[in-house]
Amino acid sequence: MAGAGVSLAVAELGLVRAEALAGPGEEATKAQHARGKLTARERIDLLLDAGSFEEVGLLRRHRASGFGLEARRPYTDGVITGWGTVEGRTVFVYAHDFRIFGGALGEAHAEKIHKIMDMAIAAGAPLVSLNDGAGARIQEGVSALAGYGGIFQRNTKASGVIPQISVMLGPCAGGAAYSPALTDFVFMVRGTSQMFITGPDVVKAVTGEEITQNGLGGADVHAETSGVCHFAYDDEETCLAEVRYLLSLLPQNNRAFPPCVPCTDPPARSTEALVGLVPADGNRPYDMTAVIGEIVDDGEFVEVHERWARNVVCVLARLGGQVVGIVANQPQMLAGVLDIEASEKAARFVQMCDAFNIAIVTLLDVPGFLPGVDQEHGGIIRHGAKLLYAYCNATVPRISLILRKAYGGAYIVMDSQSIGADVTYAWPTNEIAVMGAEGAANVIFRRQIAAAEDPEAMRERMVKEYKSELMHPYYAAERGLVDDVIDPAETRERLIGALAMLRTKHADVPSRKHGNPPQ
């Protein structure tokens, strides 16, 4: 008799679990697909290794009443939480189920997310959120709203401890948008995902401006204009595949190193093609991503914030099988100057690399900070200081390479030896100076130039004199500001050798609660 009772209980459990896994029904699933979106479970299946997902809180239901909620108590409460693996490594995940309450966050919904975030922090494993929700569940009032506070608090607690990735696969409005903003990386899908604090209707009512949801907070807007989004893709399948690839370049937590893989690209491979890629004339532009592709393993890299602040390039790649973060000026855009947005972009990237034990390689070809009233009034001083602070504060291995120009304060900020770079190299085409030779000659020799019978001829002579005295390729090396001047063909080999030497670097840091970086 006891055995029969257990069998009935197990059979009932099977029916309940089947109901919970099925979700709200076929019609709701069809409606989700009609919007061009996958269901939460379909997304999880694409993100995680096949058969690895272990769900937490499958049978959770809300306990709210009023406004008809007591008659609608679906299992999962509109969010699927659990853990699985990506390429065999543990990853925690939560996914809003738009088919249930529009993915809106209620008390039980929030508690499930809180639990999985706590588990991720305790286990020391990455957390991926698949966002597709309509904000707070209005019927539950302030209890729902307080749930976001718990998420924000845990986002902050996990910051710099475990990698946090937000994948925007639907709407994300109001306070809900702050959780992705607190995470390390934000992915978006064009056409179906939007993020904004106040929607188009509110904007129109307050300012009179008319704009669509995508025009206000779509993927392209945040990838190109606001900088909120790091990666934007055309479809969910590609987006989730790229999330998997990014995870393969990140450590499990701040106590671990990123995965190191066998390198099939010879470490000593000559990079003589760089001579043809980078013109000796400092005024001629070139594509820095082509330089990076020539240096890194198999030419493969992931560019972060590819379409925002394009005058600086930030990529994750491998050198000799070891993951590195590369920060480089982009001479194709604004001649590679540093401005407000470029400083913010690079500073955030440097901080992320430092938090997760990713060595930093900096490639310099920078004529200075962008001059202008807008830049000064916009706070270029404090924004540029963010990048300076990030580099000075970083304790991971740091290697810098000067390709051509390295002028003024921008040279110092871009991980010069004076702010703590471990190893500094330069090509024979380097020009390290306070400013360009033309500007320097105009300042230093202005009286001689003005008094000369032929001012232009005198100016040219003074420019050449300044270059020969203070800007020749070995000036910085002679004064110990550069460790070596290297052949561009040896770039890959020398960088990999330096990284191997620095693999066991240890840096003591002062005892403090935290710094107070410029904002």
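In this predicted model, strand β14 is the leading contributor to the lining of the second largest pocket, giving three residues. β14 spans residues 398–407. Helix α17 (437–444) is the other element that supplies two or more residues to this lining. The volume of the second largest pocket is about 290 Å³. Its lining comprises 15 residues. Nearest the centre of this pocket lie Gly282, Asn283, Lys405, Tyr407 and Glu431. Seven of the lining residues are charged, six are nonpolar and two are polar.

The largest pocket has a volume of about 1800 Å³. A set of 49 residues lines it. Closest to its centre are Ser159, Arg348, Gln351, Met352 and Pro517. By class, the lining holds 23 nonpolar, 16 polar and ten charged residues. Five elements are listed as each supplying at least two residues: α5 (142–158), α6 (178–181), β7, α13 and α15 (380–393). Helix α13 gives the most to this lining, with ten residues.

Enclosed space was also examined. Three cavities of 30 Å³ or more are present in the structure. The largest cavity has a volume of about 120 Å³. Fourteen residues line this cavity, and those nearest its centre are His96, Asn131, Tyr148, Cys172 and Ala176. Two or more lining residues come from each of β3 (89–96), α5 and β6 (171–173). Helix α5 thus appears in the lining of the largest cavity and in that of the largest pocket. The cavity lining has no charged residues. Its members divide into eight nonpolar and six polar.

The nonpolar interior was considered next. The largest nonpolar core contains 62 residues. Within this core, Ile165, Val167 and Phe187 touch the most other members. Helix α13 (residues 340–355) gives the most to the core, with seven residues. α13 is also the element that gives the most to the lining of the largest pocket. Another core, of 30 residues, lies apart from the largest one. Met288, Ile292, Leu401 and Leu499 are among its members.

Val167 illustrates the surroundings of a residue in the largest core. Beyond its neighbours within four places in sequence, Val167 is in contact with Val128, Ser129, Leu130 and Asn131, among others. Its further contacts include Phe187, Cys239, Leu240 and Val243. Phe187 is thus a contact of Val167 and, like Val167, one of the core residues that touch the most other members. Asn131, also in contact with Val167, is one of the residues nearest the centre of the largest cavity.

A closer view was taken of Ser193. Ser193 sits in the loop between β7 (185–189) and β8 (194–196). Strand β7, on one side of this loop, supplies at least two residues of the lining of the largest pocket. Ser193 has a relative accessible area of 0% and is therefore buried. The side chain of Ser193 makes polar contacts with backbone oxygens. The backbone oxygen of Val189 is reached at 2.7 Å. The backbone oxygen of Met168 lies 3.4 Å from a polar atom of the Ser193 side chain. Met168 also appears among the contacts of Ser193 outside its neighbours within four places in sequence. Leu169, Gly170 and Met188 belong to this set as well. Asn214, Gly217, Gly218 and Ala219 are further contacts of Ser193.

Note on methods:
Residues are numbered from 1 along each chain as its sequence is written. This is a predicted model: local features need pLDDT of at least 70, side-chain atom pairs count only at pLDDT 80 or more; totals for chains, interfaces and linings use all residues. Side-chain values use heavy atoms; hydrogens and water are left out. Helices (H or I, at least four residues) and strands (E, at least two) are DSSP runs, numbered from the N terminus. Buried means under 20% relative accessible area, exposed over 50%, partly exposed in between (1.4 Å probe, protein chains only). A polar contact is a pair of N or O atoms within 3.5 Å; within protein, one must be able to donate a hydrogen and the other to accept it, and residues adjacent in sequence count only if both atoms are side-chain atoms. Contact means heavy atoms within 4.5 Å. A nonpolar core is a set of buried Ala, Val, Leu, Ile, Met, Phe, Trp, Tyr and Cys residues joined through side-chain atoms within 4.5 Å. On a 1 Å grid over the protein atoms alone, a cavity is a set of points where a 1.4 Å probe fits but cannot get out, and a pocket is an open set with protein on both sides within 12 Å along at least five of seven lines; lining residues have an atom within 4 Å of a point. Grid points are joined across faces, edges and corners, and a volume is the space filled by probe spheres set on the points. Ala, Val, Leu, Ile, Met, Phe, Trp, Tyr, Cys and Pro count as nonpolar, Asp, Glu, Lys and Arg as charged, and the others, Gly among them, as polar.
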